[in-house]
Amino acid sequence: MAEYKGDPVVVIGLGRFGTSLALELTRRGTEVLAIDNRPKITQSLAGRITQIATADATDMEALRQLGVPDFYQAVVAVGSDIEASILTTSLLVELEINDIWAKAISTQHGRILSRIGAHHVVFPEHDMGERVAHLVSGRMLDYMQVDENFALAKTSPPKEYVGIPLGQSNLRRKYGVTIVAVKPPGEEFTYATAETELTYGDIVLVSGRTEQVERFAELP
């Protein structure tokens, strides 16, 4: 398994989106508890995700028995059952989970999820599981897989590159990535140049091979 990264995450609902998310988080070394009420689904994924359980996530007692209250982050990836999605999210809010992500299948559904306390609402047609996994588990503010092995990420600059002109940083040689653009606090993005010096509070767009972008975004 990859090196552990990020806080453990509960993923509830193992449809296409939830499965993609749980597998990607596991691949990135994040501890995952995946929950679904369909035994065939959970059995098919056994051994591929850190922990997996067959349970009804709309049952508060079941969530407590699985230790869900001990998790910092949870993702409600329940499919087309809007009632189950809303109830599960409300139970996580009641359990005071600090960071709740919820899948919505319509704008109205998303609005309800936000109102009952979901911190982030995602729409699978726009937010694939792999992308959300990067955002949930790391320091990235946004992420896009441009090609099979090439990615673009929005993140904060590592402290070792603050105050050094990019042309003197050896960034590409050391990490294999390129800082494409920089957004200082309160300003717009501008293209990065060899003379650009990063400061604390900047947001950067970095591009490169997927593994290298992931590595760069995890730097302190």
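In which strand does Ile-12 lie? Ile-12 belongs to strand β1, residues 9-12, and it makes a good starting point for a walk through this predicted model. Before setting out, a word on how to read what follows. Residues are numbered from 1 along each chain as its sequence is written, and side-chain values use heavy atoms, with hydrogens and water left out. Because the model is predicted, local features need pLDDT of at least 70 and side-chain atom pairs count only at pLDDT 80 or more, while totals for chains, interfaces and linings use all residues.

Let us begin with the overall plan. The protein has 8 helices and 11 strands; helices (H or I, at least four residues) and strands (E, at least two) are DSSP runs, numbered from the N terminus. Of the 220 residues in the protein, 45% are buried. Here buried means under 20% relative accessible area, exposed means over 50%, and partly exposed is in between (1.4 Å probe, protein chains only). Contacts, meaning heavy atoms within 4.5 Å, often span the sequence: among those with a separation of 6 or more, 57% are between residues 24 or more positions apart.

Now back to Ile-12. This residue counts as buried, at 2% relative accessibility. Leaving aside neighbours within four places in sequence, Ile-12 is in contact with Ile-35, Ala-57, Leu-63, Val-75, Val-76, Ala-77, Val-78, Thr-88 and Leu-92. Asp-56 is 44 residues away from Ile-12 in sequence, yet their C-alpha atoms are 9.5 Å apart in space.

From here, move on to a pair of helices. Helix α4 (residues 82-94) and helix α5 (residues 107-116) pack with their axes 9 Å apart, at an angle of about 20°. The axes are lines fitted to C-alpha atoms, for helices over the stretch in contact, and angles run from 0 to 180 degrees between N-to-C directions. That angle makes α4 roughly parallel to α5; angles under 35 degrees count as roughly parallel, over 145 as roughly antiparallel, 65 to 115 as roughly perpendicular, and the rest as oblique. The crossing of the two helices is right-handed, meaning that the near helix is turned clockwise from the far one by less than a right angle, whereas an anticlockwise turn would be left-handed.

Which residues in α4 and α5 meet? On the α4 side they are Ile-82, Ser-85, Ile-86, Thr-89, Ser-90 and Val-93, and on the α5 side His-109, Ile-112, Leu-113 and Ile-116. By class, this contact has 6 nonpolar, 4 polar and no charged residues. Ala, Val, Leu, Ile, Met, Phe, Trp, Tyr, Cys and Pro count as nonpolar, Asp, Glu, Lys and Arg as charged, and the others, Gly among them, as polar.

Two of those α5 residues, His-109 and Leu-113, are also touched by Ala-104, which lies in the loop between β5 and α5. Ala-104 is buried, with a relative accessible area of 0%. Not counting residues up to four places away in sequence, Ala-104 also touches Gly-110, Val-121, Val-122, Phe-123 and Pro-124.

Next come the aromatic rings. The structure holds 3 aromatic pairs; rings of Phe, Tyr and Trp (its six-membered ring) pair if their centres lie within 6.5 Å, and planes under 30 degrees apart count as stacked, over 60 as edge-to-face and the rest as tilted. Tyr-161 and Tyr-175 form an edge-to-face pair, 6.2 Å centre to centre with 75° between the planes. Tyr-161 sits in the loop between β8 (150-155) and α7 (171-175), while Tyr-175 is in helix α7, 14 residues apart. Tyr-161 is buried, with a relative accessible area of 4%, and Tyr-175 is buried too, with 6%. The rings of Tyr-175 and Phe-216 have centres 6.2 Å apart and planes at 70°, so this pair is edge-to-face. Phe-216 lies in helix α8 (residues 210-217), so the pair ties together parts that are 41 residues apart in sequence. Tyr-161, Tyr-175 and Phe-216 form one aromatic cluster.

Finally, visit some loops. Glu-96, in the loop between α4 and β5 (99-103), has a positive phi of about 60° although it is not a glycine, and Glu-96 counts as exposed at 66% relative accessibility. Pro-185, in the loop between β9 (177-183) and β10 (190-191), is exposed as well, with a relative accessible area of 52%.
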